[in-house]
Amino acid sequence: MIKEYQNYFFVGIAGTGMSAIAQYLKGIGRNVSGSDRLFTEGSKLLIKEQFEKMGITCFFQDASGISKDIDVLVVSTAIEESNIEYQKALKFGIPIMKRSALLAAISESKRTIAVGGTSGKSTTSAMIFHIMEYCGLRPSLMTGAGLTSIQEKGLPGNAWVGASDWLVIEADESDGSIVNYKPEISLLLNIDRDHKEFDELLSLFNTFKENTSGAFIVNASHALASSLSRKKENDFGCNDNAGYRVNGFFQNGYKIEFTLNAVLFNIPLIGRHNMENAAAAVAACAAAGISVEKSAEALKSFEGIYRRMQVVGEANGVIVIDDFAHNPAEVVAAILACRSIGKKVFAWFQPHGFGPLRFMHQELIDLLAANLRVQDTFILSDVYYAGGNVDKDISPLIVSDALVKLQKNAGFIAQRNNLIGFLNLLVEPGDVILLMGARDTTLADFAQRVFSGIRK
């Protein structure tokens with residue numbers, strides 16, 4: 001399929017999933033262009049500037065970039081048929097391809113390691129890439145978040161074209177596209193309620209397992225994930241029967257320490273959940289022929305990824321952390337991670353859509369009620385609205401009000417810019433401010449503004 005087309009046009013190219021594939025195709029010699037609603041006239045978005053330096057032509061999402069020279073129009077599930085560019089492509093007779101189908105076609109041409117699960121995919125994919133690169137395997141990568149090591153080269157960081165046949169990708173279950181991939185090695189990190197109910201998730205991940213030609217590796221510490229185990233000696237976790245067993249976790253400042261099969265690991269990251277991500281990466285790399293010792297050596301220099309427990313800075317003794325957490329399990333994991341580096345945690349969360357909030361609000365309440373300490377505070381702001389026809393009949397107040405009734409420190413600050421003044425009244429040296437949310441491309445800038453406000 002890839003060989004059939006030379007000229008690709010991506011609708012919504014600034015999105016992480018779309019941008020990764022666009023960069024990869026450009027890297028293997030295809031002509032790539034694309035549009036995004038963020039590319040307004042005079043805009044100086046970093047990702048737009050990076051694309052243009054790569055030779056990717058950028059347009060505003062108004063169909064001005066659609067011409068008869070385009071071989072195929074690439075869209076995500078978020079693009080409706082009523083979209084002006086979708087309609088113009090139909091008028092010109094341009095084939096339209098889903099992002100997931102294109103990624104599946106690319107992965108079939110490679111020795112693919114696919115990372116699945118409802119949490120931790122980006123971090124684990126980045127770790128696998130880092131280990132393989134360190135060990136000279138020169139893999140390619142398409143993932144959902146920028147690696148710091150690649151961003152330092154002036155690139156978005158979520159894609160890389162390597163010289164070997166190895167390819168590391170995220171396998172997304174949220175849109176069901178995970179069933180399209182046929183990897184050589186697969187990872188199943190966890191199965192938590194996110195976007196879909198458990199029975200549907202189990203069905204998707206079981207098909208993911210059936211489509212994997214080689215090692216299918218699961219988290220033995222996660223009940224649902226372990227139920228899909230193919231071979232215990234390939235699995236990872238804290239269980240005695242896991243082939244790659246971890247124990248002895250310790251948070252040492254901004255570094256985590258633990259042992260895996262009696263090998264000591266020391267990784268510059270925050271949080272116990274990152275021990276599980278690292279164990280998964282080690283198990284996948286072992287299936288690719290890399291020793292545990294080599295993986296441990298490689299991960300000492302892992303620099304982390306964009307907005308995944310990313311330390312924005314420390315000012316006046318207060319640490320500010322930016323994280324992509326957006327489902328209940330991720331939100332709680334991030335809060336627990338911050339406890340290990342600070343006295344009190346002030347956790348702020350921006351729900352990433354009205355539909356997701358409606359789907360997850362009760363589980364979020366239950367998990368927070370069970371895990372928030374008396375000294376911790378949880379704050380929500382208005383739902384991020386990305387446009388389109390959605391039912392707005394739910395508010396984050398449903399979460400904050402419920403937590404207050406359960407005698408937890410919680411509140412709702414509708415306009416997030418008012419958060420800084422609120423925090424400055426309460427935070428003290430030794431505290432952690434944790435900022436969480438997804439989809440909204442301005443969240444990293446917001447984290448910087450919060451940090452700057454705390455410094456004053």
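Reader: Let's start small. Which residue stands opposite Leu187 in β11?

Author: That would be Ile217. Before going on, bear in mind that this is a predicted model, where local features need pLDDT of at least 70 and side-chain atom pairs count only at pLDDT 80 or more, while totals for chains, interfaces and linings use all residues. Residues are numbered from 1 along each chain as its sequence is written, and side-chain values use heavy atoms, with hydrogens and water left out.

Reader: How should I read labels such as β11, and how many helices and strands does the protein chain have?

Author: Helices (H or I, at least four residues) and strands (E, at least two) are DSSP runs, numbered from the N terminus. The protein chain has 15 helices and 21 strands.

Reader: Back to Leu187, then. How many bridges join β10 to β11?

Author: Two strands pair if DSSP finds at least two bridges between them. Here β10 (residues 185-188) and β11 run parallel and are joined by three bridges. Both belong to an open sheet of six strands with mixed pairing, in the order β8-β7-β9-β6-β10-β11. The edges are β8 (159-160) and β11 (216-218); each has a single partner strand, so one side of each has no neighbour in the sheet.

Reader: Which strands does helix α4 touch?

Author: For packing, contact means heavy atoms within 4.5 Å. Angles run from 0 to 180 degrees between N-to-C directions, with axes fitted as lines to C-alpha atoms, for helices over the stretch in contact. Helix α4 (residues 99-108) packs on this sheet and touches β6 (111-116), β7 (140-142) and β9 (166-170), its direction making about 155 degrees with that of β9. Helix α5 lies across β6, β7, β8, β9 and β10, and runs at about 165 degrees to β9.

Reader: How many residues of α5 are buried?

Author: Buried means under 20% relative accessible area, exposed means over 50%, and partly exposed is in between (1.4 Å probe, protein chains only). By that reading α5 is mostly covered, with twelve of its 14 residues buried; among them are Met127, Phe129 and Ile131. You can check its length too: the expected span is 1.5 Å times one less than the number of residues. For α5 (residues 121-134) that should be 20 Å, and the end C-alpha atoms are 20 Å apart, which agrees.

Reader: What comes after α5, and what is the phi there?

Author: Gly136 follows α5, with a positive phi near 85 degrees. As a general idea, most residues other than glycine have a negative phi. Arg138 is not a glycine, yet its phi is positive at about 50 degrees; Arg138 sits in the loop between α5 and β7. Asn316 has a positive phi of about 50 degrees as well, and is not a glycine either. Its place is the loop between β16 and β17, and it counts as exposed because its relative accessibility is 52%.

Reader: In strand β15, which side chains are buried?

Author: In a regular strand the side chains alternate between the two faces of the sheet. In β15 (residues 263-267), Val263, Phe265 and Ile267 point to one face and are buried, whereas Leu264 and Asn266 point to the other face and are not. Strand β14 (residues 255-260) pairs with β15 in the antiparallel sense over five bridges, with Leu260 and Val263 as bridge partners. The two strands form a hairpin with two residues between them, and Asn261 in the turn has a positive phi of about 50 degrees.

Reader: What is the order of the sheet that holds β16 and β17?

Author: That open sheet of six strands has mixed pairing and the order β16-β17-β21-β18-β19-β20. Its edge strands, β16 (310-315) and β20 (410-412), each pair on one side only. Strand β18 (residues 345-350) runs parallel to β21 (residues 432-437), and six bridges join them. One partnership to look for is Ala347 with Leu434 in β21. Helix α11 (residues 328-339) packs on the sheet, touching β17 (318-323), β18, β19 (377-380) and β21.

Reader: How many disulfides are there?

Author: A disulfide is a pair of cysteine sulfur atoms within 2.5 Å, and the count comes to zero. For Cys238, the nearest cysteine sulfur is that of Cys285, 19 Å away. Cys238 counts as partly exposed because its relative accessibility is 31%.
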